[in-house]
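Biologist: Before we discuss any details, could you put the sequence and the model up together?

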Amino acid sequence: MKSSPRNRSLSSASHYNPSRSAITERLSYSEGGNSMPILYGGTKSSDFVTPGIYIEEQVPTSPEKPGGYTSNLLAIIGVFEKGPLTEPVIVNGLNDFVEKCGNFTENYSGSKAAYAALQRGVQKLAIINVRGDMAKQAEITLLDKEGKPTLAVRHMHKCEFGNFCSVEVQAGNKPDTFRVILRNPYGKPEVYNDLSTPAQAVEKVAAHSKDFVVEELAQEVQPGSNPDVLAETKLTGGSDGKPTKAADYLGKDDPVTYKKTGLKLLKTLPQVTDFVADKNISDQFSDAMLVAAQEMNAFTYIPVPDASIVGAISMRQNYDTEFGHFVLGQAKSKSKGWVVPAAVYDAIAHVLCPVQDGTAGFWFGDIESTDIPLTTADIENLTANQVVCLSWIVNEKRENAMALQSDFTLAADARLRQTYRRRVNSLIVRDLEMVTTPYRSKHLSDGWFAQYEIAVRHYLDKLKGRPDDLNSEVIQDYKISFRRPGEIGNVDEAIEELRIKLFNIADKITIRLMSAADLTA
């Protein structure tokens with residue numbers, strides 16, 4: 001059977017590959033200053049050959065600017081009004097989103113999800129735009145004075161939005177030149193003045209336009225091949241294509257151009273820490289999302305396709321992974337009246353919450369209602385079965401607000417269910433890989449090794465935070481030992497052992513003792 005989150009565990013550290021270095025191998029967690037060996041990420045005691053007692057435990061979520069070096073980056077994969085299909089788009093704020101991805105509109109589920117994130121305070125998003133088959137660019141053919149085709153003006157992307165864009169051709173200020181004016185509904189007109197040839201128009205637009213491309217159509221460049229004057233005229237033929245399906249979200253990998261789409265494109269972004277789809281797609285896509293999250297050392301949020309408590313609990317039993325959430329229901333916003341999967345709000349909360357905190361106190365003021373009213377008993381039942389949901393709380397302002405209930409991963413092993421433990425783990429692995437990268441190209445002299453050790457300790461000290469900023473406290477303490485240059489082959493082998501002491505957060509830390517005394521045989 002093909003391996004997927006439905007028929008195998010994703011929790012073991014041995015499955016995680018991208019950052020599988022010596023750093024990853026020796027990263028471990030301890031609670032309360034215990035000095036016994038720590039098992040990393042669900043590793044079994046049977047994987048060790050040294051007799052003794054082994055501890056395994058759980059331990060918090062991540063802000064956009066966590067205590068380490070890595071900033072959280074939320075990616076949304078879905079359908080947006082415009083944007084490239086083979087390139088990820090990074091947006092910073094509402095205005096930047098509109099310029100690059102189009103307006104926030106009811107017709108595009110990706111735009112609705114992005115609005116929920118940006119409105120709540122997420123500052124930066126990675127956008128992966130998808131389209132169904134038969135999507136086309138809008139275009140118009142410009143004719144010269146003899147009525148022959150000379151230039152094709154197209155919207156840059158395959159989308160219906162291009163039909164709302166226009167082109168105008170005027171006489172230039174200088175003799176025998178022309179001016180091209182390109183317009184889209186949301187931006188300033190692009191004016192290309194005093195163009196002397198069609199080729200120059202192609203060159204100028206390619207260098208400066210964010211929405212248009214121009215192609216020269218004339219077989220041979222001859223006098224009089226410049227486009228004739230044209231009143232403002234809209235482009236035509238642009239289409240969003242057929243309704244999207246799972247294959248469009250899964251994406252393609254072109255063997256000729258090496259360009260990727262969909263989830264395959266998202267996986268090229270190592271800086272993404274969290275990602276979510278704009279809607280429920282299919283079981284196949286949910287499986288692929290969870291596998292991608294583990295491969296990327298990231299976290300994903302799966303919308304429950306069955307809008308019932310019983311159905312959600314039943315479907316949840318199909319999964320076993322600590323790299324994702326299963327999230328029930330949809331939420332309707334007050335400001336727009338749009339309905340967005342609760343999974344999107346779950347992703348938003350985890351991107352904005354500090355690493356060392358959970359999401360129980362994080363609330364959404366813009367949610368008007370959810371599609372599934374829940375009783376206290378319902379919430380208890382969903383929590384017990386590791387299904388995340390939204391319900392009403394009274395916030396610190398004494399206002400009713402929607403907040404997330406449950407913060408458990410989909411791991412079958414109870415020791416791996418705390419989301420903050422997974423995210424702290426991922427943060428430290430990701431950061432240490434980045435901190436140590438400059439030293440991988442260096443010869444391992446005592447001088448360079450000393451600088452390496454200083455850099456690692458500086459990072460870990462930073463995770464301990466400052467007394468004047470409680471939100472900077474990611475870990476309580478650490479112990480680290482190093483191998484010397486003569487004992488290792490490369491810098492990834494330099495950390496002999498790293499133990500992280502985490503803050504004890506009530507009942508959210510579990511410790512298990514396991515004997516490995518029988519491993520000497």
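What follows is an exchange about a helix and a small sheet in this predicted model.

Biologist: What distance separates the end C-alpha atoms of helix α3?

Modeller: Helix α3 covers residues 109-120, which makes 12 residues. At 1.5 Å a residue these should span 16 Å, and the model agrees with that expectation, the end C-alpha atoms being apart by 17 Å.

Biologist: How many of the 12 residues of α3 are buried?

Modeller: The buried residues include Ser109, Lys112, Tyr115 and Leu118, and they pack against β3, α2, β5, β17 and α9. The helix is therefore largely enclosed by the rest of the structure, since the number of its residues that are buried is 10.

Biologist: Is Thr150 buried or exposed, and what is its relative accessible area?

Modeller: Thr150 lies in strand β7, residues 149-155, and, leaving aside neighbours within four places in sequence, its contacts include Leu142, Pro198, Glu215 and Pro227. Its side chain also reaches the backbone oxygen of Ser225 at 2.5 Å. Because buried means under 20%, Thr150 counts as buried, with a relative accessible area of 0%.

Biologist: Which strands are the edge strands of the open sheet that holds β7?

Modeller: The sheet has 3 strands in the order β6-β7-β11, with antiparallel pairing. An edge strand pairs on one side only, and this applies to β6 (139-143) and β11 (212-216).

Biologist: Which residue of β11 is the bridge partner of Leu151?

Modeller: Strands β7 and β11 run antiparallel and are joined by 5 bridges, while helix α4 lies across both strands. In β11, the bridge partner of Leu151 is Glu216.

Technical notes: Residues numbered from 1 in each chain as written. Predicted model: local features only at pLDDT ≥ 70, side-chain atom pairs only at ≥ 80, totals over all residues. Heavy atoms only, no water. Helix = DSSP H or I, 4+ residues; strand = E, 2+ residues; numbered from the N terminus. Expected span 1.5 Å × (residues − 1). Buried < 20%, exposed > 50% of the residue type's maximum accessible area, 1.4 Å probe, protein only. Contact = heavy atoms within 4.5 Å. Polar contact = N/O pair within 3.5 Å; in protein donor to acceptor, adjacent residues only side chain to side chain. Pairing = 2+ DSSP bridges. Axes fitted to C-alpha atoms, helices over the stretch in contact; angles between N-to-C directions.
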